[in-house]
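Me: I'm a first-year student, and I'd like a close look at a single part of this structure: the sheet in chain A. Could you walk me through how its strands are put together, and then place it in the wider picture?

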Amino acid sequence: MDTAFKVTLRKALNKIETLKTPSCLEVETIGFYIEGKLSKGEKRKAEEHISSCLYCLHQLMELKELIYFQKHKAPLPSHLLNKLKDLYPKKERPIKEFFRDIISPFVQETANLIAFPFRRWQYATVSIVTASVAVFITLTLWIPEKGIMTIPKLDPNSFVQVQSLSNEGRILSEAKGVIIDPKGIVATNLYPIMGASLTRIILRGGKTYQIQSLWKDEEKNLALMKIEGESLSALPMADLKQVYIGQRVLILTDQLKTKKGINSAIISDLKAYPSRSAKGQVQYIQLASLTAQYTGGALIDQEGRLIGLLISEEKGMNLAVPLREAFNLIEEQKPIPISKLKNISFSPEALNYYFKGILARDAQRNNEAMEFFKKAIELNPNMEGPHLELGSIYYIKRLYDLEIKEYQEVLRINPKNTDALFYLGEAYETKGFYDLAIKEYKKIITLDPEDAEAYYNLGLAYLTQGQKGKALEIYPKLKALDPGFAEKLKRLASSSTQSRHN
Amino acid sequence: MYILSMVGDVILTIEQCLTGEERAWNLFVKEFGSVADNILKKFSDIALPDRENIIQNVFIKLLKGGLSNFRGATKYEFLKYFKTIVVNEGISYLKSEARDKEHISLNGKDSEGVSLKDLISDQDPHSRPDLTADEKEALDSIRKVVESFLLIDQQIFWMKLKGDKDEEIRKILKVPLGTVASKYSRMIIKLRKELGER
């Protein structure tokens, strides 16, 4: 490039501040984007904005360079370093006499503290009342000593026992279940059932049902079963929007006893699956258990409403899945005969590694998360989640070939996974394979004709290939689904025309 | 133990500096002295003794209220704040040096023919008021073209335009050297069309 042209450009760029708009990204957001600390959704939004805003692109590059400088330190000359260190004003610390300066004030403060409530009768009264309230609250919250019936709205008949049996009728395992619908839908953990020939559900009153089939979600260790009956006792469902981090909840560990069957826990995190289709819905609930031992069972709030079901099989990893959305399984799947579960490759360890990976990923420990996901895949190559997550990490690490391979694995397991199709399309675009990307976006639109993002990406891929006509064909449909995306596509199509005319 | 726990937490280190913790200052100096040097090295014609003087002035400014006046909450904000101080200090140092000694190579041109003096004079928005309209138009054209690139290509383009060398781009963006060269040449053709034929 000749110098004059470059000088013109550089001079123009010195006015970059004039392009700043109220919708520009905060420095913090750009920093989190650079260091891979945004969720996939936030990241996509940030990329969308940066790619159409010179000011934010400038901010991104400036910060990227500074972070690079900070991470790749070149040693300073020692004389300069010493000079800089010497600039700091030295403070003389007086030498304290041990008794006078440390022990004596401590004794005095302690004596003051003890004597304080008794100096005036009002203070003494306040102290006694405060202590009484504290004792009352402690006793109220000490749930394990309270009977199940004292918790409002909690009907013990809603809890069932699930037994898995061999061909010979031998009990292979027992699990807890909860009735989530009066028409007889029971939710329980899937893994204790895998390998059984038959399953039996025992109600609190002793009535027993033989179960031949179920609906399953392997990645949530969740099974739904139907028992014949009307007006069964189902627990009311909690509204997930009202569940919050820090909320005290109860884990029902033993449905058939009235005492010592409840553990207390606190919700420590609500994890939204970082996929497009999940649309930010909570997929996992992480719990800080107040008991040391492993507990499974139903998760309920203090009003007796059902929140979810504990699913982790490992001590110290208290994860639950919300049950309100569980009915989707019934709509999406046909019931599977329990005897067929014998043939499915299965490893509860794989799920544990998957969860560990999710926890590591959420803590921004991508390398550790990657190892956990790989281990999960090694133990069970047929779980979609770890492949999808691994693909995401490869994307962050710019290992696009490996990223593509993981999404292809997801599609081998489930060709209808629109998340995998979408990310695969994006990965192809990154590699410059626009034809392949277009094919993937079209597949998504066939599966989900309401997917605005797929239409938008399809339009962009057409534009990149110079097929403006095809891109604009998408515009009316996209406008109906997402006017924002539609306008952006139209604007880009118009600027691509101008460039070509020039 | 305490020093180790501070590594990587810039804001905590700054707070410790402000509360009179000398060890925190030593850590801060080690970390940001190097950042300041790297920022100044981008001005290709600043010699090492000048850089050392500028860096010293920067840290004096930080101690004289620069740190306590920082209002941000994240290391990203501090990095930007720090860069502003370094650049401003560099500019005022070199301007004062230029007044005193004409022999300082303020007009030394880089390979692209752009001098530090050009860059410094452009920092003043009122220095060339007659160019404002043209510059805005040029910016608009750049925006139109750049918007049509993929984000990674935009980043390559931006760094090249700012004068970064291919090797630096390779390191910071982690892209192969061949990619930088080939992508940039395609992009610049597009931009030249847009700017040249307005």
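Reply: Happy to help; we begin with how to read the model, go through the sheet strand by strand, and then turn to its surroundings.

Residues are numbered from 1 along each chain as its sequence is written, while chains are lettered from A and ligands numbered from 1 in the order in which they are written. This is a predicted model, where local features need pLDDT of at least 70, side-chain atom pairs count only at pLDDT 80 or more, and totals for chains, interfaces and linings use all residues.

Chain A has 17 helices and 14 strands. Helices (H or I, at least four residues) and strands (E, at least two) are DSSP runs, numbered from the N terminus. Of these strands, 8 form an open sheet in the order S5-S4-S1-S2-S3-S7-S6-S14, with antiparallel pairing. Two strands count as paired if DSSP finds at least two bridges between them. At the edges lie S5 (208–211) and S14 (336–337) of chain A, each pairing on one side only.

Let's look at some of the pairs. Strand S1 (residues 159–165) of chain A is joined to S4 (residues 198–202) of chain A by 5 bridges, in the antiparallel sense. One place to look is A:Gln161, whose bridge partner in S4(A) is A:Ile202.

Now move to S6 (residues 213–217) of chain A. S6(A) pairs with S7 (residues 222–226) of chain A over 3 bridges, again antiparallel. Here A:Asp217 stands opposite A:Leu222 in S7(A). The hairpin of S6(A) and S7(A) has 4 residues between the strands, and A:Asn221 takes a positive phi near 50° there. S6(A) also runs antiparallel to the edge strand S14(A), with 2 bridges between them. In that pair, A:Leu214 has A:Ile336 of S14(A) as its bridge partner.

Around the sheet is the rest of chain A, which has 502 residues, 35% of them buried. Buried means that 20 or more other C-beta atoms, placed from the backbone, lie within 10 Å of the residue's own; exposed means 12 or fewer, and partly exposed is in between. Among the chain's contacts between residues at least 6 apart in sequence, 57% join residues at least 24 apart. Two residues are in contact if their C-beta atoms, placed from the backbone, lie within 7 Å.

Chain A also meets chain B. Helix H4 (residues 54–71) of chain A packs with helix H8 (residues 151–161) of chain B at an angle of about 75°, their axes 10 Å apart. That makes H4(A) roughly perpendicular to H8(B), a label for angles of 65 to 115 degrees (under 35 is roughly parallel, over 145 roughly antiparallel, the rest oblique). The axes are lines fitted to C-alpha atoms, for helices over the stretch in contact, and angles run from 0 to 180 degrees between N-to-C directions. A:Leu57, A:His58 and A:Met61 in H4(A) meet B:Gln154, B:Gln155, B:Trp158 and B:Met159 in H8(B).

Finally, a word on confidence. pLDDT is the predictor's confidence in each residue, from 0 to 100. Chain A has a mean of 78, with 79% of its residues reaching 70 or more. Over residues 142–150 of chain A the pLDDT is below 50, and this stretch has 13 contacts beyond near neighbours in sequence. Chain B averages 71, with 68% of residues scoring at least 70. For the complex, the predictor gives an ipTM of 0.73 and a pTM of 0.48.
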